[in-house]
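Open the model in your viewer and keep the selection box handy. We will go from stop to stop, picking out one group of residues at a time.

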Amino acid sequence: MSQEWNIRSRGHVCSICQKPLVDRSPVISALKETPGGYDRFDCHPECWKVGERDWEPFSQWDGVYLAPKKEERKEPLKKEDAGELLRKLMTLDDPAMKNVVYVLAVMLERSKILVERDAKDLEDGTIRRVYEDRKNGDTFVILDPRIRLENLGEVQQQVVALLSGTKTLGEVAGEAEKSEGEAENGGEGSDNAADGADSGGDNLV
Ligand SMILES: [Zn+2]
């Protein structure tokens, strides 16, 4: 699979019976791997249970369906900007931005905007984390780049610079490519900052 991340929107009708999902009712969501990425399923729990499948979900979780509401537009500006930035970055699908995408997703999780639904160890040794937008249910499948602790501060500054508008996406992508090259030439000191981010993530902005 060439894509390193994917966005999948939550459906508003059951993927199996095609009847509408009911506001504030349980929903079972699943991702199915396809050659081009992922297909997403959102189903009534009873439909999911009785339905026969000849495939294993890449990821599956229980959630609650929330119908879209117009008042969601009145979010605090800053938080919505961070979510918009994540969407934009994921659409760009630039491998140089993988650290920025991951740190931004972790920040959005800390702000209770995203919830982590799953983490998958893949055969190639990488980790994909499945995040779901708490409000609109969009799914983000994000590569966990296992950022080194000594690089975490730099990535956080890049995210803050993007959110505050002091740097453009192009500037940050250039920096990221440069430090990536330096890391490849650098030594072995390899603290995995993902572990640190899980336990001590309070230093994230
Ligand atoms: Zn159904």
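**Before you start**

You are looking at a predicted model: local features need pLDDT of at least 70, side-chain atom pairs count only at pLDDT 80 or more, and totals for chains, interfaces and linings use all residues. Residue numbers start from 1 along each chain as its sequence is written.

**Stop 1: the four-stranded sheet**

Begin by selecting V115, whose opposite number in β6 is E132. Next to try is E116, which stands opposite Y131 in β6. Labels such as β6 refer to DSSP runs numbered from the N terminus, with helices being H or I of at least four residues and strands being E of at least two. Two strands pair if DSSP finds at least two bridges between them.

Now show residues 127-133, which are β6; 7 bridges join this strand to β5, and the two run antiparallel. In the hairpin of β5 and β6, 5 residues lie between the strands, and G125 takes a positive phi near 90°.

Stay with β6 and look at its other partner: β6 and β7 run antiparallel and are joined by 6 bridges. Select V130 to find its bridge partner V141 in β7, then E132, which stands opposite T139 in β7. This hairpin also has 5 residues between its strands, and G137 in the turn has a positive phi of about 80°.

To complete the sheet, add β1, which runs antiparallel to β7 and is joined to that strand by 3 bridges. Here N6 faces V141 of β7.

Zoom out, and the 4 strands form an open sheet in the order β1-β7-β6-β5, with antiparallel pairing. Its edge strands are β1 (6-8) and β5 (114-121), each pairing on one side only. On average, neighbouring strands of this sheet are turned by 20° against each other, direction ignored.

**Stop 2: the helix on the sheet**

Select residues 98-110 for helix α3, which packs on this sheet and touches β5, β6 and β7 (139-144). The direction of α3 makes about 125° with that of β7. Axes here are lines fitted to C-alpha atoms, for helices over the stretch in contact, and angles run from 0 to 180 degrees between N-to-C directions.

Which residues of α3 and α4 make the contact between these helices? Show N99, V100, V103, L104 and M107 of α3 with V155, Q156, Q158 and V159 of α4. The two axes come within 9 Å and cross at roughly 75°. That makes α3 roughly perpendicular to α4, a label for angles of 65 to 115 degrees.

Pick V100 and leave aside its neighbours within four places in sequence: V100 is in contact with L89, V155, Q158, V159, V172 and A176. Contact means that the C-beta atoms of two residues, placed from the backbone, lie within 7 Å.

**Stop 3: the nonpolar core**

A nonpolar core is a set of buried Ala, Val, Leu, Ile, Met, Phe, Trp, Tyr and Cys residues joined through C-beta atoms within 7 Å. A residue is buried if 20 or more other C-beta atoms lie within 10 Å of its own, exposed if 12 or fewer, and partly exposed in between, with C-beta atoms placed from the backbone.

The largest nonpolar core has 37 residues, of which L86, V100, V101, V103, L104 and A105 touch the most other members. The elements supplying at least two residues each include β2 (25-34), α2 (77-92), α4 (149-164) and α5 (169-185). The largest share, 9 residues, comes from α3. Colour by domain too: at least three residues of this core come from each of domain 1 (12-64) and domain 2 (77-187), with bounds from an automatic or database domain assignment.

**Stop 4: the three-stranded sheet**

Move to the other open sheet, whose 3 strands have the order β3-β2-β4 with antiparallel pairing. Because β3 and β4 (59-65) stand at the edges, each with a single partner strand, one side of each is left without a neighbour in the sheet. Neighbouring strands here are turned by 25° against each other on average, direction ignored. Over 7 bridges, β2 and β3 pair in the antiparallel sense; click A30 and look opposite for F41 in β3.

**Last stop: R134**

Finish in the loop between β6 and β7, where you will find R134. Is R134 buried or partly exposed? R134 is partly exposed, with 16 other C-beta atoms within 10 Å. Beyond its neighbours within four places in sequence, R134 is in contact with K112, I113, L114 and V115. Measure from R134 to Y65, C-alpha to C-alpha: they are 9.7 Å apart in space and 69 residues apart in sequence.

How values were computed:
Parallel < 35°, antiparallel > 145°, perpendicular 65-115°, else oblique.
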